[in-house]
Amino acid sequence: MTTDHGTRTDPAQTAPTAKRWWTGSHRIRLPEATLADLEPLLPFYGITRLADLTGLDRVGVPVWAAVRPRTRSLSVSQGKGIDPIQARVSAIVEAIELWSAERVEPAGLRRGGEPLVEASDLDTGQAATLPWAEVSLDARTATRPRPRASSNGLSGGNCRDEAILHGLCELVERDALARAVPTARFAGGLPRIDPGGIEDPLVRRLLRQLDDAGVLHAVWRLPACVELPVFLCHVMDDQAVGDDGRGWAHGSGCHPDPVIAWLRAVTEALQARLTHIAGARDDTGWDRFQALSSERVERQRAALQGGGRMEGLPGPGRLAPGVTIQEDVHKILSALLRAGKGPFRAVDLPCGPAPLAVVKLAAPALQEPVH
């Protein structure tokens, strides 16, 4: 169905949420089908190039970039996956998410002189509002007032529930990071996951790739505000190789399935490593390429080589994934509300002709890391 503005939104909003893809992620459509729908639409979103960054590193985990030269925020979006198709889809959807957040318009309402956008309460469905500047990523200098938003809680999916699930997991993940990382607890007291006890074939394959490439890795479990697995991964070369700063990276992941959360953290760290190697992201500052002291590098390397307090990968717990995306959303949202972390508000963003849904979630009770 087409809206007055020529934007196809209804199919993605109302699509059934039964899962059809369980490998490395939970989706209602096969990645091949999503890619086939999105690739013809790349010019509409200003995506001029899809770049395969995988070969710039030794590990071999697929990482792709989607480039939008005439953008209003970041011009390079990245995506990773267990295979090249998932990585390409991930990069394209991230670019569309930014495109959507750049084009959200004020609703004609104001509070204290500040423009607002329409939102809805995820629990009650009641209408709500959020400051436009906390949602918009349109960073053009002519825009007044300038946006102050981040991409935290910005998520896209094959349907609205899929986007909301991804957004809720990201909010929980970032909240856990904000509370753990400033105290460097991961280096001192957080339990480290023993990879030897994880029998999942995707995990075993990734561990072999890391070992064969000579890349050290450690995954810690972060304490989350609800019973969701949240992991933090650090990676770096096991020996000094040129500029050590480029190979030292971290990533995090959250998902109801602990294996997927672990895979997300590790592949996110490897994507960040490739970001530094490629040097193409707008938000990669010059400080990231400054030489690091050898003492600091060796301390980090020793931390990854050391065993520390090990524990096995946790089980799925009470928030274990169900057979539909909608079920997962309901369980996670209910747990967050019981934990006193509400309210949760969602802004449905314009997403153009793609059969996707893009939302921006806001949760004032949850923290966000300061970069």
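Student: Which residue of β3 is the bridge partner of Ala66?

Tutor: The bridge partner of Ala66 in β3 is Ser77. Val67 stands opposite Val76 in β3 as well. The model is predicted, so local features need pLDDT of at least 70 and side-chain atom pairs count only at pLDDT 80 or more, while totals for chains, interfaces and linings use all residues. Residues are numbered from 1 along each chain as its sequence is written, and side-chain values use heavy atoms, with hydrogens and water left out.

Student: What makes β2 and β3 a pair of strands?

Tutor: Strands (E, at least two residues) and helices (H or I, at least four residues) are DSSP runs, numbered from the N terminus. Two strands pair if DSSP finds at least two bridges between them. Five bridges join β2 to strand β3 (residues 76-80), and the two run antiparallel; the criterion is therefore met.

Student: How do you know that β1 pairs with β2?

Tutor: By the same rule of at least two bridges, strand β1 (residues 49-52) qualifies, since four bridges connect β1 with β2 in the antiparallel sense. Ala65 of β2 is the bridge partner of Ala51.

Student: What is the order of the strands in the open sheet, and why is one side of β1 and of β3 left without a neighbour?

Tutor: The sheet has three strands in the order β1-β2-β3, with antiparallel pairing. β1 and β3 stand at the edges, each with a single partner strand, so each has one side without a neighbour in the sheet. On average, neighbouring strands of this sheet are turned by 25° against each other, direction ignored.

Student: Which helices pack on this sheet, and at what angles to β3?

Tutor: Helix α3 (residues 84-102) lies across β1, β2 and β3 and runs at about 145° to β3. Helix α8 (residues 258-278) touches β2 and β3, and its direction makes about 140° with that of β3. Such angles run from 0 to 180 degrees between N-to-C directions, and axes are lines fitted to C-alpha atoms, for helices over the stretch in contact. Contact means heavy atoms within 4.5 Å.

Student: Why is β2 called largely enclosed?

Tutor: Buried means under 20% relative accessible area, exposed over 50%, and partly exposed in between (1.4 Å probe, protein chains only). Five of the five residues of strand β2 (residues 63-67) are buried, so β2 is largely enclosed by the rest of the structure. Val63, Ala65 and Val67 point one way from β2, Trp64 and Ala66 point the other way, and all are buried. In a regular strand the side chains alternate between the two faces of the sheet. β3 is also largely enclosed, because four of its five residues are buried.

Student: Why is the pair of Phe44 and Tyr45 called edge-to-face?

Tutor: Rings of Phe, Tyr and Trp (its six-membered ring) pair if their centres lie within 6.5 Å; planes under 30 degrees apart count as stacked, over 60 as edge-to-face and the rest as tilted. A search of the whole structure finds three aromatic pairs. The rings of Phe44 and Tyr45 have centres 5.0 Å apart and planes at 75°, so the pair is edge-to-face.

Student: What makes Phe44 partly exposed and Tyr45 buried?

Tutor: The relative accessibility of Phe44 is 45%, so Phe44 counts as partly exposed. Tyr45, at 3%, counts as buried.

Student: Why is the pair of Tyr45 and Trp99 called edge-to-face, and what does the pair tie together?

Tutor: The centres are 4.9 Å apart and the planes of Tyr45 and Trp99 stand at 85°, so the pair is edge-to-face. Tyr45 lies in the loop between α2 (31-38) and β1, and Trp99 in helix α3, so the pair ties together parts that are 54 residues apart in sequence. Ring pairs link Phe44, Tyr45 and Trp99 into a cluster.

Student: How do you know that α4 and α10 cross in the left-handed sense?

Tutor: A crossing is left-handed if the near helix is turned anticlockwise from the far one by less than a right angle, and right-handed if clockwise. The axes of helix α4 (residues 160-180) and helix α10 (residues 325-338) come within 9 Å and cross at roughly 35°, and this crossing is left-handed. Residues making the contact include Leu165 and Leu168 of α4 and Val329 and Ile332 of α10.
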